[in-house]
Structures are given as C-alpha cells and as structure tokens.
Amino acid sequence: MKKFIYVLLMAPVILTSCGESFKKSGNIEYKIIKDGKGDVIKYGSYIEFSFKQSYKDSVMANSNDYSNQIAMLDSTSIPPNIYKIFSQCRKGDSLVLKMKTDSMYIDPRSGQLNLPPGVKKGQFVFTSYKIQNVYATRPEADSVFKILTAQAQEKAKAKEKDILVKDDKTINDYLAKNKIIAEKAPQGTYVQVITPGAGNKIDTSVQVKVNYTGKTLNGLSGKAFDSNTDPAFQHVEPYPVNMWAPEVVKGWADGLMMLNKGAKAKFYIPSTLGYGQQGNGGEIKPNDILVFDIEVVDVLSKDIAMVEMKKQQMEQQRQQQMMMQMQQRQQDSMSRAAKMDSLKRK
C-alpha cells in the first residue's frame, strides 16, 4: 500500500462553511471542522479520506473523479507539521490546509521555485479532506484499498473512453479540413499512407526498424519533440520495435500493423494511445494528440532479430570491457607516476 502522499498537500481546496480562524503548524495554516466522535486517530492507524484540490476558482483534482485514498498515520514518513495536524482528527472530521505557493512548490534540494502553469508566486492554495474511515490494522486497510483501486480503475477506463471519443472527433475534423485520407487502425490510430510498402503486413511475429519524427497535433507548425532522422536529437539510426512485446506508445503498435516494409506513413494518435493524462515532459502536455512521420526501414523475423540483438549485446559488453581496461591502465599509469615522484623526493 502506498504511504501518505505528501503531494496531495500541495494542492488546493476551499471550504467556506466554517468561519473558524486558521491555526499554524510550521509553514501550513489549518483548521479542523469537528464532526466526528470517538477517540482521535491513533499512531499507526490507517486513514481513508476523500479530498478536493483547487487554486483560486479552479479545481485541480477531486477524489470523486477516481476514489478515496488510504494512508497510514506514521510520524516517520509524514512531515512533522502534517502529522501534528492529522493526529488531532477523528473519523468524520473535515480538515482544511492553507499553504503559500512559495513554500509549496519549492524544490528542497535546489531551492528553486517550480510553479505549475497558471500558479503565481505569493498566492495561497487550499486542500480539504474528509476523514471517511479509520482502520486499526493493515489487513483491514488492504481489503478496502483493493476495492478503492478497482473503483479507480473503472473510473479511469470510463474517462479514457470519453477522451478517446473527443480525440477521435478532433482528428477526424483535422483530416476533413485538410482533405487527408487516413484509415483507422483497430485501437483508434489513424494511418495516412504516404508511400505504400511491399510484402506482408506487419504482425506480432516480427521486429520492425523505423525512422520517425514526432510532433503534437497542436504543434505541427513547430519543432519536433523527438526524431531519429534529425541529428539535433543525437540518435540518428533506425529504431527497433519488437512487435511481440512493443515498448512504445500503444498508437505506434496499432498503426504499424497497418503497414509493411518500405511504407512511409503519418500516424495520428489519440492521447489515450499516446502519453495520456500524464503527458511527457514539457513539450507533450496531458491529453495531447500525437502525430508521427513513420518510415518502415526493415522488417525482421523474430529469430533473426533475436540473433541481431544478441550480437549487439555482445558488442556492447566488449566495448564496456575495453573501456574498463583503458580506465585500469590509466589508473595503473597514474599510480606508477605517483610512486616515481615519491621515490624522487626521498
């Protein structure tokens, strides 16, 4: 089970139902809305809580969108000021935390302030919690956690379906506007064949080697976020994709099955088949639709691909051994020089 997620305290919600003033615990202000009965939560107990997060008028996260969370009240893994606050609560209580963006988004290692888009320095953010239940033992908490995880997965699937429908319309509108003919792959990737290839269609029994350049649909007029044909990205060689276990975004595997050796195509990949709600770095934002220029350079059977992969591994090992030997010779040479200097001084 996950321990207390401190990042939840870095996000906001306003409870307006209580006029009680805030108290202070370290760099956090808080107030507890007493609504529960019984003893305060004991050390080592497991808390089930719902939460809502917002900044100003914008809701950033809400546990209703997936599920409640469970965390252990443990002073060894929770910051002392947070432990102090939650250890005053009972089942049924509500809690509001107020924290300045300057403290919330500071990197403790570098001291650099990393504000999310739209969040300004000197502003306050709020986080509200509702203590839904308290469990005395780990088995009790684990049992509930499994139920909550299943609920979250179901909600995530439903949300992905909604996003896929929206992305599908966006892609279709773009294709229609630009008079592009593309075929829809089984999972939802649209494939525009630029140059047909030859031979059998790609399947899960082969390795394909591809050249590619990737952009987002919103950034087609701008620079690529990755490419193995542009020397600026420093990896100019065909990229191997093992179709029996593809370690690429789902949209690639989906689209490649529509092609054969020598084909050149453009993939329009819905965000759910790309990097989804997480995005990837600063250039691929959450729910970005991806567009890839793809060229299938070669298609190898699994047996041939495995032999080639083994040769590459052996070559890498050989190069590593050579590097280690060179480093050892340099160290030996430096050691001999140091001994010579020591003898000369004597």
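Which residues does leucine 113 touch, not counting residues up to four places away in sequence? They are Thr101, Asp102, Tyr105, Ile106 and Lys121, where contact means heavy atoms within 4.5 Å. Before going on, keep in mind that this is a predicted model: local features need pLDDT of at least 70, side-chain atom pairs count only at pLDDT 80 or more, and totals for chains, interfaces and linings use all residues. Residues are numbered from 1 along each chain as its sequence is written, and side-chain values use heavy atoms, with hydrogens and water left out.

**Leucine 113 and its surroundings**

Leucine 113 sits in the loop between helix H2 (101-104) and strand S7. Helices (H or I, at least four residues) and strands (E, at least two) are DSSP runs, numbered from the N terminus. With 28% relative accessibility, leucine 113 counts as partly exposed. The cut-offs go like this: buried means under 20% relative accessible area, exposed over 50%, and partly exposed in between (1.4 Å probe, protein chains only). Now look for serine 221: leucine 113 is 108 residues away from serine 221 in sequence and 31 Å away in space, C-alpha to C-alpha.

Strand S7 also holds tyrosine 129, which is buried, at a relative accessible area of 2%. Tyrosine 129 and tyrosine 212 are 83 residues apart in sequence, and their C-alpha atoms are 46 Å apart in space.

**Strand S10 and its partners**

Tyrosine 212 takes us to strand S10 (206-216). Of the 11 residues of S10, 10 are buried, so the strand is largely enclosed by the rest of the structure. S10 pairs with other strands, and two strands pair if DSSP finds at least two bridges between them. Here are its partners, each with one example of a bridge.

| Partner of S10 | Bridges and direction | Example bridge |
|---|---|---|
| S14 (residues 290-301) | 11 bridges, antiparallel | tyrosine 212 with isoleucine 294 |
| S12 (239-242) | 4 bridges, antiparallel | lysine 209 with proline 240 |
| S11 (residues 226-227) | 2 bridges, antiparallel | threonine 213 with serine 227 |

**The second largest pocket**

S10 and S12 turn up again here. Each of them, along with helix H5 (302-345), supplies at least two residues of the lining of the second largest pocket. H5 gives the most, with 5 residues. What does "pocket" mean? On a 1 Å grid over the protein atoms alone, a pocket is an open set of points where a 1.4 Å probe fits, with protein on both sides within 12 Å along at least five of seven lines, and lining residues have an atom within 4 Å of a point.

About 370 Å³ of space lies in this second largest pocket. Of the 16 residues lining the second largest pocket, Gln207, Pro240, Val241, Asn242 and Met309 are the closest to its centre. The volume is the space filled by probe spheres set on the grid points, which are joined across faces, edges and corners. Sorted by class, the lining has 8 nonpolar, 5 polar and 3 charged residues. In this sorting, Ala, Val, Leu, Ile, Met, Phe, Trp, Tyr, Cys and Pro count as nonpolar, Asp, Glu, Lys and Arg as charged, and the others, Gly among them, as polar.

**Helix H3**

Helix H3 (residues 138-177) has 40 residues, and at 1.5 Å a residue they should span 58 Å; the end C-alpha atoms are 56 Å apart, which agrees. The expected span is 1.5 Å times one less than the number of residues. The buried residues of H3 are Ala141, Val144, Leu148, Ile163, Asp167, Asp168, Ile171 and Leu175. Among the elements covering them are strand S3 (46-55), strand S7 (124-135) and strand S13 (264-269).

**Two lysines and a hairpin**

Most residues other than glycine have a negative phi. Lysine 179, just after H3, has a positive phi of about 55°. Lysine 179 lies in the loop between H3 and S8 and counts as exposed, at 77% relative accessibility. Lysine 56 also has a positive phi of about 55°, although it is not a glycine. You'll find lysine 56 in the loop between S3 and strand S4 (58-62), and at 45% relative accessibility it counts as partly exposed.

A glycine does this too: glycine 26 has a positive phi of about 65° in the turn of the hairpin that S1 and S2 form, with 2 residues between them. Strands S1 (residues 23-25) and S2 (residues 28-33) run antiparallel and are joined by 3 bridges, with lysine 23 opposite tyrosine 30. On top of that, 6 bridges join S2 to strand S6 (residues 94-100), again antiparallel, and isoleucine 32 stands opposite leucine 95 in S6.
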